[in-house]
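Visitor: Please take me through this model, and explain the terms as they come up.

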Amino acid sequence: MKRYLCSSIICLVVLLSIGTYYVKVASSASSLPTYTFKTSEGSVKELDPVIVQATLEHRNFYDPLTIESNQTKYERDRPFWSDRNDVQIERLVKEHRSFMRGKDLIDSFYEDDDFLAYASLNREYTQSGKMKAELDIGVLEKKGKDETSFRIDLPHQERIMNTEVRDVQLINSKLQVLTMIDVYSNDDKQTKEIHLYTIDLANEKVVSDKTLVSETFTYPNQVEFEMPVNTSPSKPNNMILFSIMKGVNHEEGDYEEKLKESKLLSYQYDTEKLSTIKGAKKESLNLDIARSSYTDGKNLYAIAFKSGKYQMKTFDISSGALTNDIQLDLAVGKEEANCVAIKNGRVYFLIGSGMGENLTYKPAHLLIADLKTGKTLYKGETVMHAAEKKNEQKTGFSISNLEVK
């Protein structure tokens, strides 16, 4: 009887604790300011897919929040066991909850109408400092809800110091996993490589470990691999772009890029063709354009900010040809966008961090334009709605990211 009485008391304490937690959260959240966008041009419906991530600083506390569909949602309002994910991950979790359990890196996914595939790395280091790594593979057949999952050792892992997955594709029933690797070395030389692992799903094994690029260098020289920002990282993509950026660290502390030695490459998954993009023509895809651009897998969008206006050039990735060149119909002044997103046939600019001097609030501006015509679809700025007017000047508000559903 005492045992059951103790269990009842424990359950009651837990329930009271949870209830107290939510009462405190609701009470404290109601005293915090909220933020919305005030529309100056265009339709407020353009805000429906927009998610702005920000942080409120007040009384030495930091409260993460989102402005989603033009409504403020504080992280503390979410269940205390819930984590905020990338919007694309949240959609996948909602649609395929069982398969998505424990999976959270969008670059590790591939999705088409029939399949959802996943490849990530499980890593640990031995006492000798060497890395032990496994590929964690999962495939969901959407129609039948059939799931396949297995783990396999990463080939030649004894020479790998660090590695990360950068792209996953399903080509001819085989999973293609693109990784960037730092090679272990006992001397002063450093080596970076780009590897493509081909996974035979039926037999659960690696059938190919292909080195696409290998660069060895010695300090003060430096080599980095860069990729354009992928606006749809989990979607089917037959071609991928990456650049090899070379530079040197001078003794006085300055870093100098060696653009003449750097290069832009493309890799075609179906033909297994690796090519260097020359960019010989003035209006063709080249290294400078690709470095700060955005891609949806088929096109590459290069955005330049000059004299308070944005110029956007669209290139066909397969041919490197310029297909569209427009000046966006946006008067943005002298300040360049902090965050840029491309989705739904639109380009989104978020200008301003939301923070003025001495942590005072300063409006951030959202601009949305049509991707093909450059026509303005929306202009607006954040507005602070203080729950307690006296605290309005005692809070700091800073924007960190822009996402679009």
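Guide: What follows covers one residue, two sheets and a cavity.

Guide: This is a predicted model, in which local features need pLDDT of at least 70, side-chain atom pairs count only at pLDDT 80 or more, and totals for chains, interfaces and linings use all residues. Residues are numbered from 1 along each chain as its sequence is written, and side-chain values use heavy atoms, with hydrogens and water left out.

Visitor: Why is Gln169 called buried?

Guide: Buried means under 20% relative accessible area, exposed over 50%, and partly exposed in between, with a 1.4 Å probe and protein chains only. Gln169 has 1% relative accessibility, so Gln169 counts as buried. Gln169 is placed in strand 9 (residues 160-171); a strand is a DSSP run of E with at least two residues, a helix one of H or I with at least four, and both are numbered from the N terminus.

Visitor: What makes the pair Gln169 and Asp167 a polar contact?

Guide: The term needs a pair of N or O atoms within 3.5 Å; within protein, one must be able to donate a hydrogen and the other to accept it, and residues adjacent in sequence count only if both atoms are side-chain atoms. The side chains of Gln169 and Asp167 are joined at 3.3 Å. Contact in general means heavy atoms within 4.5 Å; leaving aside residues up to four places away in sequence, Gln169 touches residues including Tyr110, Lys235 and Tyr269.

Visitor: How do you know that strand 24 and strand 25 pair?

Guide: Two strands pair if DSSP finds at least two bridges between them. Strand 24 (residues 346-351) and strand 25 (residues 365-370) run antiparallel and are joined by six bridges, among them that of Arg346 with Asp370.

Visitor: What makes strand 4 and strand 27 edge strands?

Guide: An open antiparallel sheet has four strands in the order 4-3-2-27. Strand 4 (71-74) and strand 27 (395-404) each have a single partner strand, so one side of each lacks a neighbour in the sheet. Strand 27 is joined to strand 2 (residues 50-58) by nine bridges, and Ile51 has Glu403 as its bridge partner there.

Visitor: Why is there a cavity in the count?

Guide: On a 1 Å grid over the protein atoms alone, a cavity is a set of points where a 1.4 Å probe fits but cannot get out; lining residues have an atom within 4 Å of a point. Grid points are joined across faces, edges and corners, and a volume is the space filled by probe spheres set on the points. One cavity reaches 30 Å³ or more, and the largest holds about 40 Å³. Its lining includes Glu226, Phe242 and Arg291.

How values were computed. On a 1 Å grid over the protein atoms alone, a cavity is a set of points where a 1.4 Å probe fits but cannot get out, and a pocket is an open set with protein on both sides within 12 Å along at least five of seven lines; lining residues have an atom within 4 Å of a point.
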